[in-house]
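Biologist: Before we discuss any labels, may I see the sequence and the structure?

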Amino acid sequence: MSASLDIRLKRANKVYHEGEVLAGVVAIVSKEAVQHQGITLTMEGIVNLQLSSKSVGVFEAFYNSVKPIQLITSNIEVVKQGKVPGGKTEIPFEFPLHTKGNKVLYETYHGVFVNIQPQKAKLQPTPVEFTITPETLQNVRERSLLPKFLIRGHLDATNCVITQPLTGELVVESSDVAIKSIELQLVRVETCGCAEGYARDATEIQNIQIAEGDVCHSLPIPIYMVFPRLFTCPTLETINFKIEFEVNVVIVLHDEHLITENFPLKLCRA
């Protein structure tokens, strides 16, 4: 005797917010009647934290101090003990989305070192002007060997609504060496740990080219980047973990010099 069981949600869009009701049906298909001891559904929302391989052994206390953080849990009995008739049976259910205690129901997110299973904010856009020259670069060993260049531009905002693009403008005023490429690199920074120490890991999640070849000098180049839905979430900071984002403006010269300017971003969902 074989039977198939499926859980189907009523809403086509599977995005839910705190306070809403998760509703659907348990669909059971069987050629013959099936005896059962009861049907129960369990819903859980948790945050899992883990260290990257390079940090293992550094913070042994991490594993003892930071256990999975349970945000929401709910159990409902759909059907009491009995029998499901042969054919197709659909049993309705409803789950209220309420957090556990004073926990916050963070947005679902899957990163490399932080995973959240099941917040709107208002941010004031703040334009950022930038000028890139050999003198403004950080972490340069042989500054005297760098070619001369002057690059100006601006980002319309570093406080960004996640559903709207990152925009701005870049102008190459001068460069002694021909430019090979200009790129935007989006980086996700995940930090997790405890009082004994923290591990920080940065991952490139998107890289787009906004210009190719030796661009005309003094010509404005638009900056436009859409945040990837599956790899970003609102900026988040808690006691045990943080999820942050940065964007790098990368200029590649024909002599293989790499010029990078970093901008921390704050993402929110409006």
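The following exchange examines how several labels are assigned in this predicted model.

Biologist: How do you know how confident the predictor is about this chain?

Modeller: The mean pLDDT of the chain is 83, and 84% of its residues reach 70 or more. Among the elements, helix H1 (residues 60-65) has the lowest mean pLDDT, 51, and strand E16 has the highest, 97. Where pLDDT is low, the predicted coordinates should not be read in detail.

Biologist: What makes up the secondary structure of the chain?

Modeller: The chain comes to one helix and 19 strands. Of its 270 residues, 42% count as buried. The chain exposes about 15400 Å², and carbon and sulfur atoms supply 51% of that area.

Biologist: Why is Cys216 called exposed?

Modeller: The relative accessibility of Cys216 is 52%. The label "exposed" requires a value over 50%, and therefore Cys216 counts as exposed. Cys216 lies in the loop between strand E15 (197-212) and strand E16 (221-225). Cys216 and Ser174 are 42 residues apart in sequence, with 9.3 Å between their C-alpha atoms.

Biologist: Why is Thr191 called buried?

Modeller: Thr191 has a relative accessibility of 8%. Buried means under 20%, so Thr191 counts as buried. Thr191 lies in strand E14. Leaving aside residues up to four places away in sequence, Thr191 touches several residues, among them Tyr198, Arg200, Asn240 and Phe241.

Biologist: What makes the pair Glu90 and Arg8 a salt bridge?

Modeller: The N to O distance between their side chains is 3.5 Å. The cut-off is within 4 Å, so the side chains of Glu90 and Arg8 meet in a salt bridge. This pair links distant parts of the chain: Glu90 is in strand E7 (residues 87-96) and Arg8 is in strand E1 (residues 3-9), 82 residues apart. A search of the whole structure finds eleven salt bridges.

Biologist: Why are Glu90 and Arg8 called partly exposed?

Modeller: Glu90 has a relative accessibility of 43%, and Arg8 has a relative accessible area of 34%. Partly exposed lies between the limits of 20% and 50%. Therefore Glu90 counts as partly exposed, and so does Arg8.

Biologist: How do you know that Glu256 and Lys180 form a salt bridge?

Modeller: Their closest N and O atoms are 3.5 Å apart. That value satisfies the condition of being within 4 Å, so the pair is a salt bridge. Glu256 lies in the loop between strand E18 (241-253) and strand E19 (258-268), and Lys180 lies in strand E14 (residues 179-194), 76 residues apart. Glu256 is exposed because its relative accessible area is 54%, whereas Lys180, at 36%, counts as partly exposed.

Biologist: What makes Arg188 and Glu190 a salt bridge?

Modeller: The closest N and O atoms of Arg188 and Glu190 are 3.7 Å apart. The limit is within 4 Å, so this pair also forms a salt bridge. Both Arg188 and Glu190 are buried. Elsewhere, salt bridges that share partners join Asp6, Arg8, Lys88 and Glu90 into one network.

Biologist: Why is Ile7 called partly exposed?

Modeller: Ile7 has a relative accessible area of 44%. This value falls between 20% and 50%, so Ile7 is partly exposed. Ile7 is placed in strand E1. Together with Leu5 and Leu9, Ile7 makes a nonpolar surface patch of about 260 Å².

How values were computed:
Residues numbered from 1 in each chain as written. Predicted model: local features only at pLDDT ≥ 70, side-chain atom pairs only at ≥ 80, totals over all residues. Heavy atoms only, no water. Helix = DSSP H or I, 4+ residues; strand = E, 2+ residues; numbered from the N terminus. Buried < 20%, exposed > 50% of the residue type's maximum accessible area, 1.4 Å probe, protein only. pLDDT = per-residue confidence, 0-100. Contact = heavy atoms within 4.5 Å. Areas by Shrake-Rupley, 256 points an atom, 1.4 Å probe, with all protein chains shown as cover. Patch = residues over 30% accessible without salt bridge, like charges linked within 9 Å, V, L, I, M, F, W, Y side chains within 5 Å.
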